[in-house]
Amino acid sequence: MLRTKLLQRCLTHHMPLSYRAMHLLRNNAYINGKWIGANSKRTFPIYNPVDNTVITHVPDMNVADTQVAIDAAVKAFESFSKTTAKERSDLLRKWYNLMVEHSEDLALILTKENGKSLAESRAEIKYGNSFIEWFAEEARRIKGEILQAPVSNRELFLLKQPVGVAALITPWNFPHAMITRKAGAALAAGCTCIVKPSEDTPLTALALADLAKQAGFPAGVLNVLTTSITNSAAVGKELCENPKIRVLSFTGSTVVGKILYQQCASTMKRLGLELGGNAPYIVFKSADVDLAVNSAMASKFRNTGQTCVSANRFFVEADIFNEFVEKFVAKIKNDIKMGDGCKEGITHGPLIKKSQLDMVNSLVEDAVQKGAKIHCGGGPLPGLGPLFYAPTLLTNITKDMQIYNKEIFGPVAVINKFSSEEEVLRQANDTPVGLAGYFFSQDISQIFRVARKLEVGMVGVNEGLISCAEAAFGGVKESGLGREGSKHGVEDFLDIKYVCVGNLKY
C-alpha cells in the first residue's frame with residue numbers, strides 16, 4: 001500500500017524517474033549475471049522524447065563486449081539446455097509473477113523512455129507479461145514424435161532440442177513486449193539469450209533483466225547489451241556472423257532485416273524476422289460504420305501510429321465514404337489528448353525522435369502540395385514539445401504522392417475511396433509487404449472471401465486490435481520469416497533430431 005501511494009504521489013508531482021522506480025532503473029549492461037560497463041568506459045544518453053531531457057546514461061558496448069556476452073551465453077547453455085521443461089516453466093512463472101508485481105514500475109520506465117502515455121504503457125506491460133505466462137505453460141508442451149518404422153527391427157523417433165544461443169534484436173516501439181515475446185519462447189525451449197534492445201529504449205530491457213535475475217535465472221542465461229547508434233551496426237553484424245550464435249530473431253524495418261538476413265547466411269543460422277508492414281484497413285458498405293471508426297482509432301493511433309501492424313492505408317467504399325470520414329475526424333478531435341504521458345488525461349505522446357518527426361512531416365507536406373485535403377492536424381505541435389505531431393487525416397490521395405504506399409509510422413491516416421471488392425483487393429495487395437490487414441463487413445460470404453484473398457499474415461475482421469499471446473504473429477512476402485507467440489513461437493528455437501534405433505530383437 002505504501003509503495004502504491006508513493007508511486008501515485010510521484011505521478012502527481014512529476015518527480016524524476018530515478019526517484020520513482022529506483023530499484024528497476026539500471027544504467028549498466030547485464031552480462032553473465034553481473035551489471036557491468038563497457039570495456040571502453042563509454043556511455044550514451046537516453047532521452048525522454050517528451051522534452052529531450054536526459055533520463056540516464058548506459059554503456060556503449062562494442063564488438064569486444066558482445067563477444068564476452070556470447071561466451072557467457074555459450075557457457076550457460078551447457079547446463080541450461082539440460083534443464084527439464086518443468087524447471088524452465090517454473091523460472092518463467094517466477095519471472096512473470098515479478099513482472100506483474102512490478103507492472104507500474106515497468107510502465108513508468110517505458111513511458112519515460114518511449115513517450116507513450118501511461119495508459120498505453122500499462123497495456124503494453126500487461127500484453128508483454130502475457131507472453132512469459134504463455135511460454136511458461138508452453139515449455140511443458142514441447143513434444144517429440146514416435147514414428148512408424150518401415151521394418152520390424154527398428155524404432156524411429158524425433159527429438160526436439162534447443163538450437164543454442166539466441167540473439168534477440170528488439171525495437172523501440174514496444175520495448176517490453178518484443179523482448180518477452182522472443183525471450184519467453186527461447187527460454188522455454190532451453191536456449192540462452194543475448195538481448196540487444198534499441199539504442200532509444202534500453203531501460204525497459206535492463207529492468208526486465210533485473211527481474212529475471214530476481215526470478216533465479218542462472219548467470220549467462222539472459223544477457224542485455226546496450227549499444228549506441230554508433231556501435232549498433234557492428235554489434236548486430238557480430239551477432240549475425242558469430243558461429244556461436246545459432247538463432248537470431250529481429251523485429252524492425254524490412255531494410256535492416258534484409259541486411260541481417262545476408263549477414264546470417266555465412267553461418268546458416270536459424271532466423272526469425274518480423275519486419276515492416278503496410279496494413280490495409282478496408283471498410284465495406286455493409287460495415288457497422290461506428291464500429292469501424294472506433295476500431296480505426298485503436299488500430300491507427302496506438303503508440304501515436306508507431307506500430308508495425310498499424311492501419312496504414314484506409315480504403316472506404318464510396319457509399320459510406322463521407323460518413324466514415326466525418327465520424328473519424330470527430331473522434332480524433334474528441335478522443336485524442338497529446339502531451340506528457342505521465343500526466344493525467346493524456347492519451348498520446350510524442351514521436352520517438354526527430355528523424356521520425358521529419359519523415360512524417362515530409363510525407364504530409366508532399367501529399368498536400370500534390371492536392372491532398374487536410375481534415376485535421378497536418379503539422380508538428382512545437383508548443384507541446386520538440387517531437388509532437390498533430391493527429392492528421394488526409395483525403396484526395398493519389399498514386400504520385402509519397403504517402404500513398406509507404407509505411408507512415410506516425411499519427412497520420414490517409415483515406416482512399418473505392419467502388420468494388422475486386423478493386424480494393426487489388427489495391428490492398430499492391431505492396432511488397434504483408435504483415436497485417438483489417439476489414440469491416442457484415443456480409444458473411446464476403447468475410448470469408450476477403451480474409452482468404454488478403455496477402456497478409458494476420459487479418460482482423462471487424463476488429464482493430466488482434467495481437468495476443470495465443471495467436472501466431474508474423475507476415476508474408478517481405479514482412480518476414482517465422483511466427484512469434486502461440487504454440488508456434490518456440491519452433492524457431494528448436495532443432496528436430498531424428499533417431500533411428502536398428503537391429504532390435506523382439
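**Figure 1. Phe328, a buried ring.** The relative accessible area of Phe328 is 0%. This residue is shown in a predicted model. Every distance, angle and area in these legends is therefore computed from that model. Phe328 belongs to an aromatic cluster, together with Tyr281, Phe301, Phe314, Phe324, Tyr438 and Phe440. The next two views pick out pairs from this cluster.

**Figure 2. Tyr281 and Phe314, a tilted pair.** The structure has 13 aromatic pairs. In this one, the ring centres of Tyr281 and Phe314 are 4.8 Å apart. Their planes meet at 45 degrees, so the pair counts as tilted. Two strands are involved. Tyr281 sits in strand β12, which covers residues 279–283. Phe314 sits in strand β13, residues 311–317. The two partners are 33 residues apart, so the pair links distant parts of the chain. Are these two rings buried or exposed? Tyr281 is buried, at 0% relative accessible area. Phe314 is buried too, also at 0%.

**Figure 3. Phe314 and Phe328, a strand-to-helix pair.** Phe314 appears again, now with Phe328 as its partner. Here the centres are 5.5 Å apart. The planes stand at 55 degrees, so this pair is tilted as well. Phe314 comes from strand β13. Phe328 comes from helix α12, which spans residues 321–335. The two residues are 14 apart in the chain, and the pair links distant parts of it. What two values describe such a pair? One is the distance of the ring centres, and the other is the angle of the planes.

**Figure 4. Charges over rings: Arg181 with Phe473, and Lys417 with Phe321.** Arg181 lies over the face of Phe473. The distance to the ring centre is 3.9 Å. In the second example, the charged end of Lys417 sits over the ring of Phe321. That distance is 4.9 Å from the centre of the ring.

**Figure 5. Lys237 and Glu241, a salt bridge within helix α9.** The structure has 23 salt bridges. This one joins the side chains of Lys237 and Glu241, at 2.9 Å from N to O. Both residues lie in helix α9, residues 229–241. They are four residues apart, about one turn of the helix. How exposed are the two partners? Lys237 is partly exposed, with a relative accessible area of 37%. Glu241 is partly exposed, at 31%.

**Figure 6. Glu323 and Lys327, a salt bridge within helix α12.** The side chains meet at 3.0 Å, N to O. Again the spacing is four residues, about one turn of the helix. Glu323 has a relative accessible area of 33% and is partly exposed. Lys327 is partly exposed at 31%.

**Figure 7. Glu421 and Arg449, a salt bridge between two helices.** The closest N and O atoms are 2.7 Å apart. Glu421 is in helix α14, residues 421–428, and Arg449 is in helix α15, residues 444–453. The pair therefore ties together parts that are 28 residues apart in sequence. Glu421 counts as buried, at 17% relative accessibility. Arg449 counts as partly exposed, at 33%.

**Figure 8. A salt-bridge network of Arg181, Lys182, Glu274 and Glu484.** These residues are joined into one network by salt bridges that share partners. Arg181 is also the residue that lies over the face of Phe473.

**Figure 9. Ser228, a buried loop residue.** Where does Ser228 sit? Its place is in the loop between strand β9, residues 222–224, and helix α9. Ser228 has 7% relative accessibility, so it counts as buried. Its side chain makes a polar contact with the side chain of Asp60, at 2.8 Å. Which residues does Ser228 touch, leaving aside neighbours within four places in sequence? They are Phe44, Asp60 and Glu199.

**Figure 10. Residues 35–499, a span annotated in UniProt.** An unreviewed UniProt entry labels this span "domain: Aldehyde dehydrogenase". The C-alpha atoms at the two ends of the span lie 42 Å apart. Helix makes up 39% of the span, and strand makes up 21%.

Definitions and conventions. Residues are numbered from 1 along each chain as its sequence is written. This is a predicted model: local features need pLDDT of at least 70, side-chain atom pairs count only at pLDDT 80 or more; totals for chains, interfaces and linings use all residues. Side-chain values use heavy atoms; hydrogens and water are left out. Rings of Phe, Tyr and Trp (its six-membered ring) pair if their centres lie within 6.5 Å; planes under 30 degrees apart count as stacked, over 60 as edge-to-face and the rest as tilted. Buried means under 20% relative accessible area, exposed over 50%, partly exposed in between (1.4 Å probe, protein chains only). A charge sits over a ring if NZ of Lys or CZ of Arg is within 6 Å of the ring centre and within 35 degrees of the ring normal. A salt bridge is a side-chain nitrogen of Lys or Arg within 4 Å of a carboxyl oxygen of Asp or Glu. A polar contact is a pair of N or O atoms within 3.5 Å; within protein, one must be able to donate a hydrogen and the other to accept it, and residues adjacent in sequence count only if both atoms are side-chain atoms. Contact means heavy atoms within 4.5 Å. UniProt positions are given in the numbering used here, feature names are shortened, and annotations may be inferred rather than shown by experiment.
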